[in-house]
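Q: Please take a close look at one part of this structure, the helix packing, and add what can be said about the ligand. I am new to it, so plain wording is welcome.

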Amino acid sequence: MSERGNRSVAIVGSGPGGMYVAQALVEKAPGTRIDIIDKLPTPFGLIRGGVAPDHQHTKRVDKKYAETALSENVRFVGNVEIGVDVSLAELEEIYDTVVLAYGAPYDNRLGILGEDREGVFGSNAFVGWYNCHPEFRDLDPDLNVSAAVVIGVGNVAVDVARVLSRTPAEMKTTDIARYAIERIDASPLGDIHMIGRRGPIEAAFTNTELKELGELEDATCVVDAAQLPDEVPAGMDERDRKVKARILETLKGLSKAEPGAKRRTIRIAFYAMPVEILGASRVEAIRMERTRVEDGRCVGTGETYDIPCGLVVTCIGSRARPMDGLAFDERRGIVVHEDGRVKPRVYAAGWLKRGAVGTIGTNRLDSYAVAELLIGDFAGAPRPGPEALDALLGERRLRPVSFADWLEIKRIEEEAATEGAPRAKFTAVDDMLAALEKAR
Ligand SMILES: Cc1cc2nc3c(=O)[nH]c(=O)nc-3n(C[C@H](O)[C@H](O)[C@H](O)COP(=O)(O)OP(=O)(O)OC[C@H]3O[C@@H](n4cnc5c(N)ncnc54)[C@H](O)[C@@H]3O)c2cc1C
């Protein structure tokens, strides 16, 4: 080690993928100087901007991340976008190692006719809108509609259907954007269709999330019993079979529910895929083709039907985008890497590495493995490290947001909260920066 003593690592992205790399480095390579750089002034990625506002318990993982960010030799450098404010090549000059953990936030496209019509949104945009993400606060979805279609049967689809069905009273203890809950409440929305291409056994939602749909204050969740098998088909390993059996049991319970008594109805349907979005300029209906599952694969039957609707939210996964000339796997929507190694001294972690699947916890093991790898790879003369980044940001008159700044933003948000709510989130970066100036 040099006189500076310690290696320096830049982590691009402060979501779970990046935070677990930082945590692992703090534990396994104490003294490493770690800068966690994020384009937003607010840390923790989808924990703030993706996880549903009525799932505050899930967001509590941020306490552990905050501990990491407050560790010695660790800094949060928010409000700095790599690839825009500072290039990857510059980071490589400054730090011994760069870990890319900038997520996979670009919605997959349906690839069907009419999908650019007004009223069709990807889940990242729609979820970002109700979660106060600065990039989506102006999405302005028209909810003056009587029916919505949510494409997909994973947990993100369940989140969207549930948030569209919640009452203001149910949302009182959440941090949903005020503009969103007001618009959702004012909406004449009656039916929310949630549709999967394959069957109930193949659906990706988990039982806990599914069960919540049956417990809503002013919405009923129904499913057609004719689409449910009597039992989980044979041939699955015992653990999967148990998981699927519980889901099937919940679905059977939902199939007995009677719609009509409550304001909204969530209608879960299987075996159908979208083939066209219909309408003049706005979406007026979606054309679906019935499917069947053959050897786990979804096959169209040629039989179509239309669902009139004024809103479509696609929850069909998302992808990353390449950065600064890095090799990119277009099919999987991730950066090209080998076990996390992108090129000498550059690594990938989180959804950018694995694609947009799995839970927050999935990132932990994976990011720890990446950290082990990069620690083992440390070699050569140490590079200048964090001070050189500060000099560059200063030259460019950029305004980085430190973790102390973030704690101030957090304090202001918590103070502004209405009774019972954890916080009233800022939705604009300029407002956050202005509040910081004022608080100085
Ligand atoms: C809608 C939704 C709900 C979810 N709910 C749950 C849940 O309830 N429970 C659960 O276990 N999992 C949930 N997940 C999954 C979980 O959020 C992911 O596993 C996790 O966030 C992936 O972490 P990541 O760090 O790879 O990406 P992200 O969390 O997306 O973090 C990426 C970070 O990189 C930053 N960034 C992007 N580009 C740049 C750049 N150029 N320069 C600097 N910074 C940049 C972003 O601002 C962001 O902070 C959900 C996912 C979604 C989409």
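A: What follows goes through three helix pairs and then the surroundings of the ligand. The model is predicted.

Start with helix H1, which covers residues 16-28, and helix H12, which covers residues 360-377. Their axes are 8 Å apart and the packing angle is about 50°. Angles that are neither under 35 degrees, nor over 145, nor from 65 to 115 count as oblique, and H1 and H12 are therefore oblique to each other. The crossing of these two helices is right-handed. On the H1 side, the contact is made by Pro16, Gly17, Tyr20, Val21, Gln23, Ala24, Leu25, Glu27 and Lys28. On the H12 side, the residues are Ile360, Asn363, Arg364, Ser367, Tyr368, Ala371, Glu372, Leu374 and Ile375. Sorted by class, the contact of H1 with H12 has ten nonpolar, four polar and four charged residues.

Some residues of this contact come up again at the ligand. Gly17 of H1 and Ile360 of H12 take part in the helix contact, and both are among the residues that come nearest to the ligand. The others named as nearest are Asp38, Ile82 and Trp351, out of 30 residues around the ligand. Pro16, also part of the H1 contact, has a backbone N or O atom 3.3 Å from an oxygen atom of the ligand. For Trp351, a backbone N or O atom lies 2.7 Å from a ligand oxygen atom. A polar backbone atom of Leu46 is 3.0 Å from an oxygen atom of the ligand.

The second pair is helix H6 (residues 123-130) with helix H7 (residues 155-165). Here the axes are 11 Å apart, at an angle of about 40°, and the two helices are therefore oblique to each other. H6 passes H7 in a left-handed crossing. H6 contributes Ser123, Phe126, Val127 and Tyr130 to the contact, while H7 contributes Val156, Asp159, Val160, Val163 and Leu164. Of these contact residues, seven are nonpolar, one is polar and one is charged.

The third pair is helix H14 (residues 403-415) with helix H15 (residues 429-439). They pack at about 100°, with axes 10 Å apart. H14 and H15 are therefore roughly perpendicular to each other. Asp405, Glu408, Ile409 and Ile412 of H14 meet Met432, Ala435, Leu436 and Ala439 of H15. The contact of H14 with H15 has six nonpolar residues, no polar ones and two charged ones.

Technical notes:
Residues numbered from 1 in each chain as written. Predicted model: local features only at pLDDT ≥ 70, side-chain atom pairs only at ≥ 80, totals over all residues. Heavy atoms only, no water. Axes fitted to C-alpha atoms, helices over the stretch in contact; angles between N-to-C directions. Helix = DSSP H or I, 4+ residues; strand = E, 2+ residues; numbered from the N terminus. Left-handed = near helix turned anticlockwise from the far one by under 90°. Contact = heavy atoms within 4.5 Å. Nonpolar A, V, L, I, M, F, W, Y, C, P; charged D, E, K, R; others polar. Near = heavy atom within 4 Å. Polar contact = N/O pair within 3.5 Å; in protein donor to acceptor, adjacent residues only side chain to side chain.
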